[in-house]
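Trainee: Could we go through this one together, starting with a helix and then moving on to other parts?
Mentor: Gladly; let us look at it first.

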Amino acid sequence: MSESKKFLLPEKDIPTAWFNIIPSMPVKPRPMLNPATKQPITAEDLYPLFSEEASRQEVNYTDNWITIPEPVRDLYKIWRPTPLVRARGLEKALGTSSHIYYKNESVSPVGSHKLNSAIPQAYYCKEQGVTNLTTETGAGQWGAALSLASRMFGLELAVYMVKVSYNQKPYRRSIMQTYGAEVIASPSMSTKAGRKIITDTPNHQGSLGTAISEAVELAMSTPNCKYALGSVLNHVALHQTVIGLEAEKQMEMAGEYPDIVIGCFGGGSNFSGIAFPFMRHNLSGDRSTRFIAAEPASCPKLTRGVLQYDFGDESGYTPLIPMYTLGHNFRPANIHAGGLRYHGAGAVISQLKSDGLMDAVDIPQLESFEAATLFAKSEGLIPAPESSHAIAAAIREARRADEEGRPRTILFNLSGHGLIDMTAYDRYLAGDLANYEVTDEEVAANTSTLEPLI
C-alpha cells in the first residue's frame with residue numbers, strides 16, 4: 001500500500017448555502033403529479049407529509065442557492081469538511097497514468113453521507129413543532145443517519161428497514177436502536193400496505209418501495225408526525241451538494257480539475273451531492289466534465305428502465321414522479337448493496353440523463369466486490385457495497401484512459417465505509433455471491449401500465 005495524499009479544508013470552508021441545480025437546467029424536470037387529479041404538486045400539497053421548509057425546497061425552481069441554517073451548519077462541523085484523497089495506492093495497483101481522487105464521506109459519525117440531509121430534515125421538523133418522524137431504509141445508512149439526527153433534536157423515530165437487509169445487516173439495526181429509534185422489518189404486519197404485500201406474497205423480502213409505503217402510511221395516520229426521505233427527491237439532492245462544493249475547493253488545492261465525476265446510484269442522493277456543483281460549470285459552458293452514475297446490474301433503472309411517471313413506493317401512496325423506472329412493483333434481487341435496490345431515479349437526474357448531460361453504467365455484483373477488495377488492499381479503507389459500484393466505474397474509466405493513451409483526472413464519491421457489511425465480504429471471499437441480471441421481459445411487464453409523460 002503506497003501513501004495516498006489527503007486534502008483538508010478548514011472548518012470555515014463548510015458551505016454556507018446548498019446548490020440547487022434546477023434553475024440552471026436547460027430543460028426543467030417535469031413536476032410531480034397528484035395521482036388522482038393529475039395536476040402538478042405544490043408545496044402546500046406536500047405539507048401533510050414533509051416539513052413545510054423541505055416541501056418548499058422540493059418545488060423551488062428559481063433559487064440557485066439555499067442558505068444552510070446555522071444550527072445545521074454547526075452540527076456539520078462535527079465531521080465536515082470531509083477529506084479529499086488522491087488514491088495513489090489504487091493508481092499504483094492499476095498501473096494507471098490517470099489520477100484518481102475520492103471524497104471520503106465515510107468519516108461522518110454514522111459512516112456515510114446520509115447525515116448531510118438527515119440533520120436539516122430533522123431540524124426543519126423540530127422548528128415546526130413536529131414530535132415524531134417515520135422513514136424507510138435499505139442497507140441502513142439512511143436509517144442510522146436519521147436516527148442520530150432525530151436524537152439530536154429530541155424527535156421520536158420509526159424506521160421501516162427492508163427485510164432482507166434487516167436480516168443481512170443486524171449491526172445497522174443495532175446502531176439505529178442504540179440511537180433510540182424503533183426499527184421494523186418491512187414488509188410488516190403493522191400497516192395496511194405491509195399486510196397486503198405479505199398476504200399477496202408471504203415470503204416477500206422487501207424493497208425500498210415497500211418500506212416507503214409503510215413509512216408514508218404511518219406518517220399520514222399518526223398525529224404530529226412527518227415523513228423524511230433519504231434519496232430521490234429534490235430537497236435531498238440539494239442538501240447533499242455540500243459534498244461537491246467542498247470537493248471543488250479541494251480539487252483546486254490539488255491543482256487539478258476532474259475530467260470524470262462518478263457516484264454510485266440508488267435514488268440519486270450521493271451522486272447528486274458530488275456531481276451537481278461540478279455540473280453547473282458544464283451548464284454554463286465553462287467545462288466539459290463527464291458525469292457517470294454507477295448502478296447495480298440487478299437494479300438498472302437508468303440504463304434499462306423507461307422514462308415515465310411512476311409512484312415512488314410499491315403501494316402507490318406517493319405522488320407520481322417523472323423518473324427512469326423499472327416499475328414500482330419491481331422486486332430487485334437480494335444483493336448486498338441494499339441502498340441501491342430502488343426501482344426509480346429522481347426527477348432531476350432523470351431529466352439530466354434524458355437530455356444527455358450525464359451517463360450511467362451498470363455494475364455486476366461480483367465486479368463491485370472485486371473493486372472493493374482491490375481498493376481496501378491498496379487504500380486501506382473497506383468501502384460499503386454501495387460505494388464499491390463507484391470504485392468499479394472509476395477503475396473501468398482509468399483502464400479505458402490507459403488503452404486510449406489519454407490519462408484522465410477521475411473523482412468519485414466514497415459514500416460510506418463497509419465495516420458493518422463484513423458478512424457480505426465473508427460471502428464474497430467464500431465464493432458464495434453471484435451476479436443477477438434483469439430480463440427485458442421483466443422490465444416490460446413492470447412498466448407496461450405506467451403513466452405516460454405529459
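**Helices, a core and a pocket**

Mentor: Helix α6 is largely enclosed by the rest of the structure, because 10 of its 12 residues are buried, where buried means under 20% relative accessible area with a 1.4 Å probe and protein chains only. This is a predicted model, in which local features need pLDDT of at least 70 and side-chain atom pairs count only at pLDDT 80 or more, while totals for chains, interfaces and linings use all residues. Residues are numbered from 1 along each chain as its sequence is written, and side-chain values use heavy atoms, with hydrogens and water left out.

Trainee: Which elements do the buried residues of α6 pack against?
Mentor: They pack against α5 (115-127), β6 (132-137), β7 (156-162), α8 (170-178) and α17 (385-404), contact meaning heavy atoms within 4.5 Å. Helices (H or I, at least four residues) and strands (E, at least two) are DSSP runs, numbered from the N terminus.

Trainee: And how far does α6 reach from its first C-alpha to its last?
Mentor: α6, residues 141-152, reaches 17 Å, close to the 16 Å expected at 1.5 Å a residue, the expected span being 1.5 Å times one less than the number of residues. Just after α6, Gly154 takes a positive phi of about 70 degrees.

Trainee: Switching to α5, how many of its residues are buried?
Mentor: In α5, 11 of the 13 residues are buried, so to speak of it as mostly covered is fair; among them are Asn116, Ser117 and Tyr123. Ser117 has 0% relative accessibility, and, not counting residues up to four places away in sequence, Ser117 touches Trp142, Val236, His239 and Gln240. Trp142 is itself one of the buried residues of α6.

Trainee: What does α5 give to the largest nonpolar core?
Mentor: That core has 70 residues, of which Trp18, Phe276, Leu302 and Met358 touch the most other members. α5 provides the largest share, seven residues. A nonpolar core is a set of buried Ala, Val, Leu, Ile, Met, Phe, Trp, Tyr and Cys residues joined through side-chain atoms within 4.5 Å.

Trainee: Last topic: how much space lies in the largest pocket?
Mentor: About 240 Å³, and of its 13 lining residues the closest to the centre are Asp45, Leu49, Met220, Tyr317 and Pro319. On a 1 Å grid over the protein atoms alone, a pocket is an open set of points where a 1.4 Å probe fits, with protein on both sides within 12 Å along at least five of seven lines, and lining residues have an atom within 4 Å of a point. The volume is the space filled by probe spheres set on the points, which are joined across faces, edges and corners.

Trainee: Which helix gives the most to that lining?
Mentor: α10 does, with three residues.

Terms used
Buried means under 20% relative accessible area, exposed over 50%, partly exposed in between (1.4 Å probe, protein chains only).
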